[in-house]
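The following exercises ask the reader to locate selected residues in a model, to classify their accessibility and to trace their side-chain contacts. Each task is followed by a worked solution.

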Amino acid sequence: MAENGTLQRIKKRRKNARKEYDDFAPMRDEAFDYAIPYRKSARDGKGQERVDKAFDQTAVVSAFRFAGKLWQDLIGEDMFTLAPGDLLDKETKEALAPQLQSISTVCLGMVSNGDFDNAFIEMGLDLSAGTGAMLILEGDRDRPARFATVPIDEVFLEGGAYGDVTGIFWGRKWSVRSIREAFKDAKFGSKLADLEKQDPEKEVEFNQDCVYDPDAKRWRFYAWSDQDDKIVWQKAYRTCPWLTPRYFRVPGETYGRGPVNLAMASIKTLNTAQRLTLQAAAIALLGIYTAVNDGVFNPDLAAIEPGAFWSVARNGGVLGPSVQKFPEPRLDLNNIVLNDLRMGVQTTLMDQALPPDGAAVRSATEILERVKRLASDHTGAFGRLVSEIIVPLVRRLIEIAYNKGMITNAPEIDQILVKVKITSPLATARSAEKMQKLVQWIEMVMAILQQDARKVVKLIDALVHVGREMGVPVELIVTEDERKQMEEQEKAMALAQAAAAALGANGDVSAVQQLAGGMMPGGMGAA
């Protein structure tokens with residue numbers, strides 16, 4: 001009975017989430033029709049043309065390039081590293097940093113097999129229209145984590161009290177065989193069990209719902225089918241198995257809005273203008289003719305083909321010819337409008353590549369400004385993308401790695417004691433810009449005070465801080481203990497040089513070397 005009550009509560013929450021899903025249907029359908037036709041679910045049938053409403057490919061191509069650019073800016077080669085929080089003291093940071101670096105290496109290895117990159121590009125296409133969805137589950141030995149991007153028109157989202165997502169409801173038709181392969185220990189009801197024996201290829205509606213339990217602080221995952229009205233598999237997770245990023249979000253709405261929605265006015269106008277241009281081109285090729293209603297010429301019987309003869313009352317004279325071609329439309333004006341619209345759509349979808357090598361020579365200032373603009377394209381949504389993609393991804397990977405025994409410790413990511421340091425290209429560029437002010441201040445102090453600069457600047461600590469903020473690997477930064485050992489060696493060498501000077505220019509060199517070795521830490525004199 002308890003399980004039945006749980007399923008009824010899940011159904012009620014799913015029904016409420018469906019209401020907002022239906023409200024976004026017109027906006028979602030426009031994105032599928034004009035920009036991301038190949039991300040629409042195959043629920044209505046497979047092998048559809050999908051581009052029968054689009055007369056221009058600018059938005060379709062730019063959406064793909066947006067997804068690729070988002071991967072390049074936000075993911076890149078190394079997208080994150082775990083680092084000690086700012087509240088920890090220096091000794092604790094240096095002791096904790098190598099352990100966190102080891103965990104980061106394992107997590108990055110889990111997403112470096114190509115599956116995550118493919119899933120991210122697909123999610124990026126959906127994200128261009130506002131909202132993406134990716135399911136991350138435990139895999140097998142070869143693939144510790146499995147990444148599956150779900151079309152956004154298959155997912156119902158439930159909004160939380162703080163603008164977050166507290167429920168994800170996914171439904172799709174699966175064959176009974178596929179359900180068993182995905183959930184080997186699922187407990188089928190009588191109807192599913194019969195289908196598994198008699199017709200395992202039969203497709204049934206299968207739901208995978210995930211909701212947050214605030215009391216237990218766990219995510220509850222339920223798999224069930226309407227065939228038996230029974231939960232066949234369930235599990236509790238410490239982290240959410242879903243990534244549901246929103247690019248922009250209107251206050252009070254659960255679903256997001258993306259660059260495709262911002263450019264939809266230009267996309268639809270461009271589509272209409274292209275359709276009219278094609279019609280104008282057809283008119284220019286075939287022509288439109290006017291005929292005098294004189295009872296002689298019958299347009300229904302006039303064949304439009306080479307070598308045809310039409311019977312007309314006259315070809316000239318005072319009254320003019322019986323048949324005359326209508327003036328052709330101005331195609332050059334249409335092209336001007338189309339080019340402006342295409343540039344507007346490409347700008348909104350961040351499809352602005354630098355000029356090719358063979359193009360006209362551009363000034364260095366122009367290229368530099370375009371590079372800065374490309375680097376700041378996602379700045380407005382950068383914080384949301386990090387908080388709804390990178391941080392939950394790291395938490396999910398840590399849980400999977402810990403459950404599989406790949407790491408021995410699963411630290412909590414609270415951004416205070418342990419934080420996720422974003423090291424993607426866009427984040428590195430922002431950190432470099434931020435650290436540039438610190439470096440300029442250090443250079444200014446050293447230029448003014450020179451030898452007394454250390455009275456104002458903790459030079460070593462400042463440079464170590466710059467390196468960590470820019471994502472420099474921890475093994476390349478000298479620790480406090482290593483620094484003390486180096487200082488002791490320098491002192492021992494200085495004492496050895498002083499002793500050599502005291503022995504005189506004709507002193508025994510080998511004795512000086514033995515003296516230096518004995519003064520150094522771990523040398524012969526230490527015994």
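**Exercise 1. A buried residue with an unusual backbone angle**

Task: Determine whether M350 counts as buried or exposed, and describe its backbone.

Solution. The model is a predicted one.

Step 1. M350 has a relative accessibility of 10%. Buried means under 20% relative accessible area, so M350 counts as buried.

Step 2. M350 is placed in the loop between α10 (331-348) and α11 (364-375).

Step 3. The phi angle of M350 is positive, about 60 degrees, although the residue is not a glycine. For comparison, most residues other than glycine have a negative phi.

**Exercise 2. A second positive phi**

Task: State where D229 lies and how its accessibility is classified.

Solution.

Step 1. D229 belongs to the loop between β7 (218-225) and β8 (230-237).

Step 2. With a relative accessible area of 31%, D229 is partly exposed.

Step 3. D229, which is not a glycine, has a positive phi of about 55 degrees.

**Exercise 3. Polar contacts of a buried aspartate**

Task: Identify which side chains make polar contacts with the side chain of D351.

Solution.

Step 1. D351 is located in the loop between α10 and α11. Its relative accessibility is 9%, so D351 counts as buried.

Step 2. One partner is S62, whose side chain is joined to that of D351 by a polar contact of 3.0 Å.

Step 3. Another partner is R65, with a polar contact of 3.2 Å between the side chains of D351 and R65.

**Exercise 4. The surroundings of E154**

Task: Establish which side chains E154 contacts, and explain which parts of the chain its salt bridge ties together.

Solution.

Step 1. E154 has a relative accessibility of 5% and therefore counts as buried.

Step 2. In the salt bridge between R172 and E154, the closest N and O atoms are 2.9 Å apart. R172 lies in strand β5 (residues 165-175), whereas E154 lies in the loop between β3 (145-149) and β4 (155-159); the pair therefore ties together parts that are 18 residues apart in sequence.

Step 3. R172 has a relative accessible area of 29%, so R172 is partly exposed.

Step 4. The side chain of E154 also makes a polar contact with the side chain of S41, at 2.6 Å. S41 is found in the loop between α2 (25-34) and α3 (58-74), and its relative accessibility of 8% means that S41 counts as buried.

**Exercise 5. Salt bridges within helices**

Task: For the pairs E181 with R177 and E388 with R384, give the distance between the paired atoms and the spacing of the residues.

Solution.

Step 1. Side chains of opposite charge can pair when their charged atoms come close.

Step 2. E181 and R177 form a salt bridge whose closest N and O atoms are 3.1 Å apart. Both residues lie in helix α6 (residues 176-182), four residues apart, or about one turn of the helix.

Step 3. E181, at 47% relative accessibility, counts as partly exposed; R177, at 35%, also counts as partly exposed.

Step 4. E388 and R384 meet in a salt bridge with an N to O distance of 2.9 Å. Because these two are four residues apart in helix α12 (residues 379-403), about one helical turn separates E388 from R384.

Step 5. E388 counts as buried at 15% relative accessibility, whereas R384 is partly exposed with a relative accessible area of 25%.

Step 6. The count for the model comes to 24 salt bridges. A network of salt bridges links R39, E122 and D126.

**Exercise 6. Surface patches**

Task: Name the residues of the negatively charged patch and of the nonpolar patch on the surface, and place one member of each.

Solution.

Step 1. The patch of negative charge gathers D89, E91, D481 and E482 on the surface.

Step 2. E482 lies in helix α15 (residues 480-503) and, at 40% relative accessibility, counts as partly exposed.

Step 3. The nonpolar surface patch is made by W441, M444, I448, L449 and V456, and has an area of about 480 Å².

Step 4. M444 is part of helix α13 (residues 425-449). At 47% relative accessibility, M444 counts as partly exposed.

Conventions: Residues are numbered from 1 along each chain as its sequence is written. This is a predicted model: local features need pLDDT of at least 70, side-chain atom pairs count only at pLDDT 80 or more; totals for chains, interfaces and linings use all residues. Side-chain values use heavy atoms; hydrogens and water are left out. Patches are made of residues with over 30% relative accessible area and no salt bridge: like charges are joined within 9 Å, nonpolar side chains (Val, Leu, Ile, Met, Phe, Trp, Tyr) within 5 Å. Accessible areas come from the Shrake-Rupley method with a 1.4 Å probe; for residues, only the protein chains shown count as cover. A salt bridge is a side-chain nitrogen of Lys or Arg within 4 Å of a carboxyl oxygen of Asp or Glu. Lys and Arg count as positive and Asp and Glu as negative; His and the chain ends are not counted. The place of a charge is taken as NZ of Lys, CZ of Arg, CG of Asp or CD of Glu. Buried means under 20% relative accessible area, exposed over 50%, partly exposed in between (1.4 Å probe, protein chains only). A polar contact is a pair of N or O atoms within 3.5 Å; within protein, one must be able to donate a hydrogen and the other to accept it, and residues adjacent in sequence count only if both atoms are side-chain atoms.
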